Amino acid sequence: MIFRKAAMVIVAIVMSFAAVFTVTPKSSLVQASSHYQSMEKSLNAIMGESLMKSANSSITVRKASTGEIIYQSNAGKKVTPASTLKLLTSAAALETLGEEYRFRTDLLTDGTISKGVLKGNLYLRGQGDPTLMKNDLDQFAAALSKMGVKQITGDLVGDDSWFDSVRLSPGIDKEDETHYYAAQISGLTLSPNTDYDAGTVIVDAKPAKNGYKANVTLSPATKIVTVVNKSKTVPKGYKNTLSIKRQPGTNTILISGNVPVGSAGSKQWITVSNPTAYTLDVFKQSLASKGIKFAATSKTVRRQAPANVSLITSKQSMPLKSLMKPFMKLSNNTHAEILAKTMGRKVYGEGSWNSGLRVMLEYAESIGLNSSEWVFEDASGFSHNNKVTSEQLSELLYLVRRAPWYGSFVQGLPIAGINDRFVGGTLRNRLTTAPVKGKVIAKTGHLNRVSSLAGYVQTKKGETLIFTVLTQGQTKSTIPTIDRIAMILANS
């Protein structure tokens, strides 16, 4: 529903990139035609600038129709790809799981219902659905209420065994743990919004009366976190110094600093420690809102549901082809890691990073990529230890064009200069002028001293080019330079 408004815009732009093409074997670098000589000269000039000389960079440009490389600079150099690694993750997921794959969450019981009493345990079993929200839990509670249940004698059990118990991928430091982009991965998790930032709670701190602590609300409301509010409301005109962070290894959220009267305050998406417990806590409130109570001896616990349970109701997510939009356009790290574990679960029966990343690498090999040129320890691109060459990343972008799910893949990519978040995504505020606006469909990547862009560009002559620009170690941002490269390609 949230994407319907943008659907026609996406289709219209993407269709211009979906011209019929012939897949031919990868060709070696050939003498550039006169058509490309001006482009080559301009790109060489950029690569000769001091900023790009100081950066560890790798650039490859291909014809989308044939895969022929028409420009390269350090094409075989391994560079940290940041979130452009998600191109491999999404392609592997579409191939392994299928466009119609849906995550499922089940409400189960091992008991019986008699005279409004559920005599037994209530199980909430997840498959890592990143789109599960409070309203889904409310509907679960409503289904139980319609069955006449008013009391539960057993435990409320969270079954997150679809994935292993390793919650954080390598490369996440303690200072990262509070932020939405480093959420813990669980087989049972909850999103606070329709961006589907699973494993986070929205903390909104607004000014109160002068001298008082900020007013703080949580969405969804949950008792799984403890808010320590050390903030202070100050007169209008003072600087807003609010800080909202979760202390590593705990579920304590510390709010400090000053919030001026009349200001918007601060709203942050804060990760929770133990998403399973978070989901159960919110679900327990949903049950309470329907007048469903637990016995005094009941507990809220985590364990695997037994085989002899009965299904009460279930919820399925949107299909994977639709999830591509919030995943890729907003570059959602949590979605990437959930997809990796899901691939591992499907192929090897183990929802772990080891299994999931193995599937990704095997997918790369299966389409003809050189696995020795890919090094990654997560699926989101968050780790600085991930490495790939621009030649390999651009070849991936060429090879996926013959896949039956290519339409879903490319419609997930951000479109340059289009303001709608679910169309322009992470490129909505970049490349906003003609002739490049709407002509670049690409995945962005950004880490500390790392910037990248990889995707497709339509030239003035209507040709589609594949380009990959990876930069690392620069002294200042290379994003303006990367955008200049995209402009040159669009003007060629």
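Biologist: In strand β13, which side chains are buried and which are not?
Modeller: Ile-244 and Arg-246 point to one face and are buried (under 20% relative accessible area with a 1.4 Å probe, protein chains only; over 50% is exposed, in between partly exposed). Ser-243 and Lys-245 point to the other face and are not buried. So the side chains alternate along β13, residues 243-246, strands being DSSP E runs of at least two residues and helices H or I runs of at least four, numbered from the N terminus.

Biologist: Anything I should know about the model itself?
Modeller: It's predicted, so local features need pLDDT of at least 70 and side-chain atom pairs 80 or more, while totals for chains, interfaces and linings use all residues. Numbering starts from 1 along each chain as its sequence is written, and side-chain values use heavy atoms, without hydrogens or water.

Biologist: Back to β13, how many bridges join it to β14?
Modeller: Four, and the two strands run antiparallel; pairing takes at least two DSSP bridges. β14 covers residues 252-260.

Biologist: What's the bridge partner of Ile-244 there?
Modeller: Ile-255 in β14.

Biologist: And what's between the strands of that hairpin?
Modeller: Five residues. In this hairpin, Gly-249 takes a positive phi near 80 degrees.

Biologist: Switching to α5: which residues are buried?
Modeller: Asp-136, Leu-137, Phe-140, Ala-141, Ala-142 and Leu-144.

Biologist: How far apart are the end C-alpha atoms of α5?
Modeller: They are 18 Å apart, which agrees with the 18 Å that its 13 residues (134-146) should span. The expected value is 1.5 Å times one less than the number of residues.

Biologist: What comes just after α5?
Modeller: Gly-148 does, with a positive phi of about 90 degrees.

Biologist: OK, pockets. What volume does the largest pocket have?
Modeller: About 680 Å³. Of the 24 residues lining this largest pocket, Tyr-180, Tyr-181, Leu-330, Ser-331 and Thr-426 are the closest to its centre. A pocket is an open set of 1 Å grid points where a 1.4 Å probe fits, with protein on both sides within 12 Å along at least five of seven lines, and lining residues have an atom within 4 Å of a point. Volume is the space filled by probe spheres on those points.

Biologist: Which elements give two or more residues to that lining?
Modeller: α8 (333-348) and β21 (440-447). β21 gives the most to the lining of the largest pocket, five residues.

Biologist: How much space lies in the second largest pocket?
Modeller: About 180 Å³. Its lining includes Arg-104, Asp-106, Trp-162, Gln-304 and Arg-345.
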